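Visitor: I have a new model open and would like to learn how to read it. Could you walk me through it?

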Amino acid sequence: MAQLDHYKTLGVAEGASADEIKKVYRKLAKKYHPDATGGDKVKEAKFKEITEAYEVLSDEQKRKEYDELRKNPFGGGMPGGGFPGGFPGGFPGGFGGGRGAGRVRTGGVDINLEDILGQGGFGDLFGGGGGGRRSREPVRGSDIQTNLTLTLAEAALGAEKSFTLGPGTSDERKLTVRIPAGVDDGETIRLSGQGRPGPGGGPAGNLLIKVTVLAEAGTRRKGADLESDVHIPIDKAVLGGSIEVPVIDGSVKEIRLPPGTSSGQKLRLRGFGASDRKGGRGDLYVVVQIDVPKDISAEAKGLIERFAQLTRR
């Protein structure tokens, strides 16, 4: 069998330090390990090659003998036939098995991948948290992120929303979601188990829904409280009287304006705000806006002037 060039296999210079060789092997082993390549035979063969190269170049004595053999290829070969013969010991028990999780055998010597790749070995790399056996345990699927637009009422009081996830793709599916009352703009709702399925039968990831709440003209939300502008004519402001105020649940509430109500004055309706997520409701603050007419008749103008004279102090 032709002699493999272990330096070329790892892609390191002949003068590379032990730390360099270990670092390069760690990177290549992660890339070509069978647990990462799904049984690709070409990549499995590549993994064997880089592992054999590392087994030789990481051992000071073997590396010295290998370098001498490269300089004098007809000098009788290596003791034990370790280099030209590939993998005399094979990979007993399969990758990650046999001699224990995270170990392989090459050239008659065990290599502990956990020492090279870190304490968790390939288990950490592929989600197992342990050695090679754990790497084949079911892995949790990834999360899916999506956006959902709500009206102010839907966000404040909660709602049931139906939407299509992944439209136009092979993963397209329809979902109906119960929006919790009191959700605010920019918040994320998490639905456990509605993400992508886990490889190998693992649990599905989560669906993360980022909420956008549409602005509503004349209405502002401050925590669980709401402010709503209500326009009234000037006579209502001066004389007082009842007005109808729309509330967030779609109904109308009648309130009484006191005489002499000023523009910008707030009137509170207890319990007509948004949900506070504790089973209660915030308050609705009616903010009075007085509409002043721009075009009035001469008679109306005269009456206003008379009104001004009578009320001037």
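Guide: Gladly! Let's start with pLDDT, which is the predictor's confidence in each residue, on a scale from 0 to 100. We need it here, as this is a predicted model.

Visitor: Over which residues does the pLDDT stay under 50?

Guide: Residues 76-110 form one such stretch, and the model has 85 contacts for them beyond four places in sequence. Residues 119-135 also have a pLDDT below 50, with 44 contacts in the model beyond near neighbours in sequence. Across the chain, the average pLDDT is 80, and 78% of the residues score at least 70.

Visitor: Which elements have the lowest and the highest confidence?

Guide: Helix 8 (residues 132-135) is lowest, with a mean of 46, while strand 13 (residues 284-291) is highest, at 95.

Visitor: What does the secondary structure of the chain come to?

Guide: There are 11 helices and 13 strands. As for contacts between residues at least 6 apart in sequence, 52% of them join residues at least 24 apart.

Visitor: How do I read a strand pair? In which sense do strand 8 and strand 9 pair?

Guide: Look for bridges between the two. Strand 8 (residues 219-222) and strand 9 (residues 225-233) are antiparallel, with 4 bridges. You can find T219 opposite S228 of strand 9. The hairpin has 2 residues between these strands, and G223 takes a positive phi near 70° there.

Visitor: Now for burial. Is T9 buried or exposed?

Guide: The cut-off for buried is under 20% relative accessible area. T9 has 12%, so this residue is buried. T9 lies in helix 1 (residues 6-10), and its contacts, leaving aside neighbours within four places in sequence, are L28, K46, E49, I50 and A53. For the chain as a whole, 36% of the 313 residues count as buried.

Visitor: And why does R268 count as partly exposed?

Guide: Partly exposed covers the range between the buried limit of 20% and the exposed limit of 50%. R268 counts as partly exposed because its relative accessibility is 39%.

Visitor: Which residues does R268 touch, not counting residues up to four places away in sequence?

Guide: From its place in strand 12 (residues 266-269), R268 touches D283, L284 and Y285. With Y285 there is also a side-chain polar contact of 3.5 Å. For another view of the fold, try R268 and E227: they are 41 residues apart along the chain, and their C-alpha atoms are separated by 9.2 Å.

Visitor: Lastly, how much surface does the chain expose?

Guide: About 18,300 Å², of which carbon and sulfur atoms supply 49%.

Definitions and conventions
Residues are numbered from 1 along each chain as its sequence is written. Side-chain values use heavy atoms; hydrogens and water are left out. Two strands pair if DSSP finds at least two bridges between them. Buried means under 20% relative accessible area, exposed over 50%, partly exposed in between (1.4 Å probe, protein chains only). Contact means heavy atoms within 4.5 Å. Accessible areas come from the Shrake-Rupley method with a 1.4 Å probe; for residues, only the protein chains shown count as cover. A polar contact is a pair of N or O atoms within 3.5 Å; within protein, one must be able to donate a hydrogen and the other to accept it, and residues adjacent in sequence count only if both atoms are side-chain atoms.
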